[in-house]
Structure formats: structure tokens, C-alpha cells
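Got your viewer open? Let's take a walk through this model together, one selection at a time.

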Amino acid sequence: MISIPHKTKQFLVLLVKLLIVGGSFYFIYNQLANNDKLDWQKFLVLFQKNQSVLGIGFILLLSVLNRLFEIIKWQNLVSYLHPISLGEATKQVLAALTAGLFTPNGVGEYAGKALYFDKKEAKKVVFLNLICNGIQMILTVVFGIFGLLYYNAQHNVITTKTVAVLFGILVILFIVLFSVKKITIKGYSIEKLIHKINEIPKSIHQKNTLLGILRYLVFSHQYYFLFLAFDVDLPYLILISAISSVYFLASSLPTFQFLDFAVKGSVAVYFFGILGVNEWIVIFISTLMWFLNVVLPVLIGSYYVLNFKPKTVL
């Protein structure tokens, strides 16, 4: 095994940090500066018309709550291994978010969090992060299905027959998954996964689920209030059902964090276009959601990445 000098290791770690932070800033700038669908002139006119210190403060508060619930979720799950402070959980979540910005479906986030723990705990940390993200995905699917059904009942985007077929496929898929739960692939099986999940105390799962619901309600209603700020006057149920449908369908598509707003924006344009909402408003709100809930936390996370000191260097 080739031994790497300590100074070289330090230089390589610094280089990786700079690449992560530099790459994050480049992708953010590129998306905001070169998106020809963003009409900044229209935005400034509307902003000057409806500007409100309380309104801006409220939207920013929702962004803080969104990330705070995610941080507390992580702190809660990690308590299964050992307790960590809220400050430490904040550092891990924001640094991992930055590291996962330009990796497919935020895969880099898993590695980012694992680096804050001993090597022997790496697999457990990845597993806990899977549960952390998994409950959010399940809630997105559950709320999204109900939202999509309501939206479809009002606007008949897909036929009742198609809905029944899709529901039937989901039921069959669940039956197949649980019927083959004992089949092992490379030492892993659904049965073993369920056993591992059950090892974690119920109180942790319950708190995780509650925080996941609160987080979902926060970011979905932040989307809702932004539409109100842009003078979109639609009934609450149809607007919130469209939002939940967009999150459900967009989250099922493989993407990168830095392209998140583009994916959600394209799905949102279709759903809100049916409701008669102007395309530029939909694109702008999707971009604002991305900026408030991804870009701002990444800017803070960049500080933690640059100050990161690995437990074992390379």
C-alpha cells in the first residue's frame, strides 16, 4: 500500500473542499444568470407593487423552519448511535447538502454526513440518512397521490381507467415486494432491512415521521404563499393539490440538486398552466423555492465544508 505524505493529504483535502464549494457556486451562478425564462423586469415590478417587510420575513421564516425540521430530524435519528448537539447536526446537514449539490439525487449527501463519524459507523450513518430521506419521500408520495387524485377529479388530466390501472400496478408491486422479502441479494433482503428498521426505537421513528410531516407542510405552504404573493387567486384546495402533485411527480424523476428547480419548474408549468397561471410566474416561484431552500443553505454549508476536519484523512 502506497503511503501518502501528510502534507500531500492536507493539500488533497483542501483541493476537494475548494472543488466542492467552487463547483456549488458555479452551478448556482450559472442557473440564475443564464436562465432566459426568468424575466427579472416583471419580477421587480411585481415586487415593488407587493413588497412587505412582514411578508418577506414570513417567507424567510418558512425557509428557516424547513431546514430546521430537517436538522432536528437528523439529530433525532443520530441519537440512535450517540447524542449530538443541534449545532453539530446543523453543521452535518448543511455541509452534506453542499457536498450533494451536484451529485445525482444528492448521493454526495450520504458520504458527506458519514465523514463526520468514525469509519466503523459509516454504514449505520448511511442507513440512518436513508431513513431520514425515505420518510420524506414516503410522505411526498402519500400527500402527492391524494393531491393528484383531487386535482384529476377537478380537471380530468388522466382518465379514471388510467388511475385504476396505476393503482393496481402499485398494489401488485407491494405484494411482489413483500412476497419476495426473504430473497437475499449480496447479503441484503427486504426482511433484513425491515428488521434493521425495527431495531431503532419506535419513539425515534414517531418523532421522525412527525418532523417529516411538519417539514412537508412548511415547504408546500411556502410554495402556496408565494403564489398568493404573485397575485395568483385560486381556491386553496386546488392550489395545494397542484403543489403536492408537482412535488410527487418531480421527486420521482432522477435529477441533481442544482437542477431541482428546473425539474420542478417544468412539471409545475404543466399543472399550473391548466389552471391558467402565467408560465413566467410558475418559473419564478420554482426558482425562488430553490434559491430559498437550497442555495441559501448551501452558502452556509460552504463555510462548514471549508472548515471540515476529517476524522481520518483519506
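## Start with the salt bridges

Search the whole structure, which is a predicted model, and you'll find 4 salt bridges. Select Arg 215 and Glu 70 to see one of them: the closest N and O atoms of this pair are 3.0 Å apart. Arg 215 sits in helix α9 and Glu 70 in helix α3, so this bridge ties together parts of the chain that are 145 residues apart in sequence. Now turn on the surface: are these two buried or exposed? Both Arg 215 and Glu 70 are buried.

Next, pick Lys 113 and Glu 109. They form a salt bridge too, with 3.3 Å between the closest N and O atoms. Both belong to helix α5, which covers residues 107–114, and they are 4 residues apart, about one turn of the helix. Lys 113 counts as buried because its relative accessibility is 1%, and Glu 109 counts as buried at 12%. While you're on salt bridges, add Lys 73 to your earlier pair: bridges with shared partners join Glu 70, Lys 73 and Arg 215 into one network.

Move on to helix α4 and select Glu 88 and Lys 91, whose side chains meet in a salt bridge of 3.3 Å, N to O. These two are 3 residues apart, again about one turn of the helix. Why does that spacing suit a pair? An α-helix has 3.6 residues a turn, so residues three or four places apart point the same way. Glu 88 is partly exposed, at 22% relative accessible area, and Lys 91 is partly exposed as well, at 28%.

## Follow helix α9

Select residues 202–229, and you have helix α9. How far apart should its ends be? With 28 residues at 1.5 Å a residue, the helix should span 40 Å, and its end C-alpha atoms are indeed 40 Å apart, so the two agree.

Step just past the helix to Asp 231, in the loop between α9 and α10. Asp 231 has a positive phi of about 60°, although it is not a glycine. It is partly exposed, with a relative accessible area of 45%.

Now colour Phe 58, Leu 61, Val 64, Phe 225 and Leu 228: together they make a nonpolar surface patch of about 410 Å². Helices α3 and α9 are the elements that give two or more residues to this patch, and α3 gives the most, with 3. Leu 228 lies in α9 and counts as partly exposed, at 36% relative accessibility.

## Drop in on Tyr 80

Go to the loop between α3 and α4 and click on Tyr 80. Which residues does Tyr 80 touch, leaving out those up to four places away in sequence? Leu 128, Glu 199, Ile 200, Pro 201 and Ile 204. Tyr 80 and Pro 201 are 121 residues apart in sequence, yet their C-alpha atoms are 7.9 Å apart in space. Tyr 80 is partly exposed, at 32% relative accessible area.

## Zoom out

Show the whole chain as a cartoon: there are 12 helices and 0 strands. Of the 314 residues, 42% count as buried. An unreviewed UniProt entry annotates several spans as "transmembrane region", including residues 52–69 and 280–306. Select 52–69, and you'll see 94% helix, with end C-alpha atoms 26 Å apart. Finish with 280–306, which is 100% helix, its end C-alpha atoms 36 Å apart.

Conventions: Residues are numbered from 1 along each chain as its sequence is written. This is a predicted model: local features need pLDDT of at least 70, side-chain atom pairs count only at pLDDT 80 or more; totals for chains, interfaces and linings use all residues. Side-chain values use heavy atoms; hydrogens and water are left out. The expected span of a helix is 1.5 Å times one less than its number of residues. Patches are made of residues with over 30% relative accessible area and no salt bridge: like charges are joined within 9 Å, nonpolar side chains (Val, Leu, Ile, Met, Phe, Trp, Tyr) within 5 Å. Accessible areas come from the Shrake-Rupley method with a 1.4 Å probe; for residues, only the protein chains shown count as cover. Buried means under 20% relative accessible area, exposed over 50%, partly exposed in between (1.4 Å probe, protein chains only). UniProt positions are given in the numbering used here, feature names are shortened, and annotations may be inferred rather than shown by experiment. Contact means heavy atoms within 4.5 Å.
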